[in-house]
Amino acid sequence: MSQKIDDRILNNVQKPTRYIGNEWNSVHKDPKQVDIRFAFCFPDVYEVGMSHLGMKILYHMLNDRDDVYCERVFAPWVDMEEKMRENNIPLFALESGDAIVNFDFVGFTLQYEMSYSNILNMLDLAGIPFLSTEREEHHPFVCAGGPCAYNPEPLAEIIDFFMMGEGEEVLNEVMDVYLQWKRSKGTRIEFLDMVSQIEGVYVPQFYNVIYNTDGTINKIERAAEKYPGKIRKRIIKDLDNAYFPEKIIVPFMEIVHDRIMLEIFRGCTRGCRFCQAGMIYRPVRERTPERLLQIAQALQKSTGYEEISLSSLSTSDYRALEDLTQQLIEMTEKEKINLSLPSLRIDSFSLDLMEKVQKVRKSGLTFAPEAGTQRIRDVINKGVTEEDLIKSVTLAFEGGWNNVKLYFMIGLPTETMEDVEGIADLAHKVVNAYYSVPKEKRNKGLNVTISTSSFVPKAFTPFQWQAQDTIEQLKEKQMHLKSRIKSKQITYNWHESHVSFLEGVFARGDRKLSKVLIQAHKKGCKFDGWNEHFKFEKWMEAFEECEIDPLFYTSRTREHSEVLPWDHIDVGVTKKFLIKEAEKALKGETTPHCRQNCTGCGVTIFGGGVCVE
C-alpha cells in the first residue's frame, strides 16, 4: 500500500519537507522489480539523520544492487506523529510512501543511547511488535548496527540481530543469505540461524545470560555449539577500494551538516582512555589523497554543494594532510566553494593551513583540552599540555581570530574540585593570551566559549569498570565552575546531568533494560536527546515499575574480574590491554600513541591498519 501524505496534514506541521522525499539524487525503484525491501531507519529527525555519513554510504550501496530497494525512514517530529496517529497513517518510507511493516528489513543505526526510546516509538508507529519473540513470519526482520551496537544488550529482546562493525561488507552478505533463505521458503528462526553464521552478526536469542543473586552476570551461554562464542566486529581493510557513493542526496531543507563530507580515515592512534570511538574503530586505515580528491570532485559535480569538510576522529593525524589540503584548496578556489576543517589537535595547530582555508571569513576555532589540569589530562591520556593550548591560541589571536571554543569533560575518574577549577583557570589564561598580543595585531571583540559535557564510562574503554558521578555531584561541579568564571569574555555552557545519567545506564546496561525501554515508551518517553521532550520522572517511574535500580549500572566500580554484558563481543582491543590502561590511568601514567610505539592493544589480528605497518 502506497500512501501519499495529504497536503492538509503537511500544511499543519513544522518543516513539512522532512516527510516528502523526492530530493535530488534520491533513488526510486519499482518495488515489484526487487527481491528485498530494506527500510534504513534513523531514530531521530530528518535533519539529524540526513547528516550522518554512514547512512549516505549504505543507502547508495544497497541501492546499487538490482535486487534491493533501500529507503529512508526518520522519526517523525511530535506534531507529525500526532497527525499520523489521528489519521491512522503507519510509519512510512520516504521514497515510496509505503508502510514499512510490509518491508523485509527494518534496520536501525544506533548512534546515541538517548535515541533508544525513538526506536520503540518508530516500531509502535509501524505496527511491528516490540519483542523479537513476538514477531510472526510476516513481520520484517528488525536489525541494528552502529557504535552503540557494541553493547547490544539493552536492546537484546527488541532487535532480531545486530551487525558489529563496519557495514559495507556484512550488509551485502546478509542480503545474499536472505535471498537464499527466501528461495528455500524457510521459517523466521531458520533465517536467524543462517545469518548467525556470518562473521560480525549477533543474534541475541541464541545466547542466554545467567545472573548471580546480586544482579551481576555469572555467564553468557550459547544456545548451541554452532553459534560463535565471541562475535568479532567487521572492518574494511582497504578504504581506497571500499564502496563510497559518487552522488549523495541533496535535501530541500537545511540539515545539521549540510555539505560534502570527506572521510579521510577510520580509526585513531591516540588512545584517549575515555573515548569509545578511539577503541572500537581501530585500526587506523587511511584513504589516499588521490582517491579523496576523486571523491570530492565527483560529489561536487553531482550535488552542487558549496562546502567540503574533512571527517575523521583526529584529522591532524592524517599523514598526507598537507598534500591533501593543498590539492583541495586548489580545487575549492577554482570552483569557488569552501573547505572547512574540523577541530584540530591543539598540539599540531597549523595557522598556515587555517589561513589558507579561511582567507575571507575567520570563523571560530575549536580546541578540546578535555580537562583543566595536567594531572587529569595524564589520567585520560590526552597527550596535550597547557603550553600547547596557549601557544596555539596566541598564534590564532595574532592571525586575527577572536572566537575560541574550548571543550572539557567533568566527572572524569579521580577528578577533584581543584581539577574542575583548573577549567576556569585555563579559560582565563586564554583571555590573558589574547591581551598579550599587541593591539594592532589582534582583532577586536574576544569571545571564549567553554563547554563541559559530563563523563559517561563506555564499553570497551579503560574506564568501563569505573563508577560514574551522580547527578548531584555533576550539578555541584557545574555550579562551582560557573562561580569561578570571572571574565565577561567567557561564556559557559554545560550538558544536562540527568541526560548523562540515563546515557550511562544504557551505555553499560544489560538485557534487563529492554523491559524498562518498553515501559518508558508506554509513559510517552521519546526524543530524550532533546531537552524539551526529556521526561526524567517518567524514566524513574519506569525503572521503579520494572523493579530495576538504575544506580546499579552507574554508581558502582566493577571488579576487573566481573563478567560484563558485552564480554561476548570482540572489537579486537583485548581486555588485558584495557586493564593495563585502567591501572596506568589511576597512577597518572601516559601511554604513547600507536605511531610512536605499538601499545599491544590487540587489533593487529585484523591486519590492514596503519598501526601494524
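Reader: In this predicted model, which residues touch the most other members of the largest nonpolar core?

Author: That would be Phe105, Phe161 and Phe191, out of 154 residues in that core. Helix H6, residues 167-184, gives the most to this core, with eight residues.

Reader: What does Phe191 touch, not counting residues up to four places away in sequence?

Author: Phe105, Phe141, Phe161, Val174, Val177, Tyr178 and Trp181. Apart from this core lies another one, of 29 residues, with Ala396, Trp401, Leu474 and Ile490 among them.

Reader: Okay, over to Asn402. Why is Asn402 called buried?

Author: Its relative accessible area is 15%, and buried means under 20%, so Asn402 counts as buried. As for its place, Asn402 is in the loop between helix H13 (386-398) and strand E16 (403-410).

Reader: What makes the link between the Asn402 side chain and the backbone oxygen of Lys444 a polar contact?

Author: A polar atom of that side chain lies 2.6 Å from the Lys444 oxygen, and the cut-off is within 3.5 Å. The Asn402 side chain also reaches the backbone oxygen of Gly445, at 3.2 Å. Leaving aside neighbours within four places in sequence, Asn402 is in contact with residues including Asn443, Leu446 and Asn447.

Reader: And why is Thr416 called partly exposed?

Author: Thr416 has 38% relative accessibility. Buried needs under 20% and exposed needs over 50%, so Thr416 falls in between and counts as partly exposed. Thr416 lies in the loop between E16 and helix H14 (417-435).

Reader: How many residues apart in sequence are Thr416 and Ile376?

Author: They are 40 residues apart in sequence, and 9.4 Å apart in space, C-alpha to C-alpha.

Terms used:
Residues numbered from 1 in each chain as written. Predicted model: local features only at pLDDT ≥ 70, side-chain atom pairs only at ≥ 80, totals over all residues. Heavy atoms only, no water. Helix = DSSP H or I, 4+ residues; strand = E, 2+ residues; numbered from the N terminus. Buried < 20%, exposed > 50% of the residue type's maximum accessible area, 1.4 Å probe, protein only. Polar contact = N/O pair within 3.5 Å; in protein donor to acceptor, adjacent residues only side chain to side chain. Contact = heavy atoms within 4.5 Å. Core = buried A, V, L, I, M, F, W, Y, C linked by side-chain atoms within 4.5 Å.
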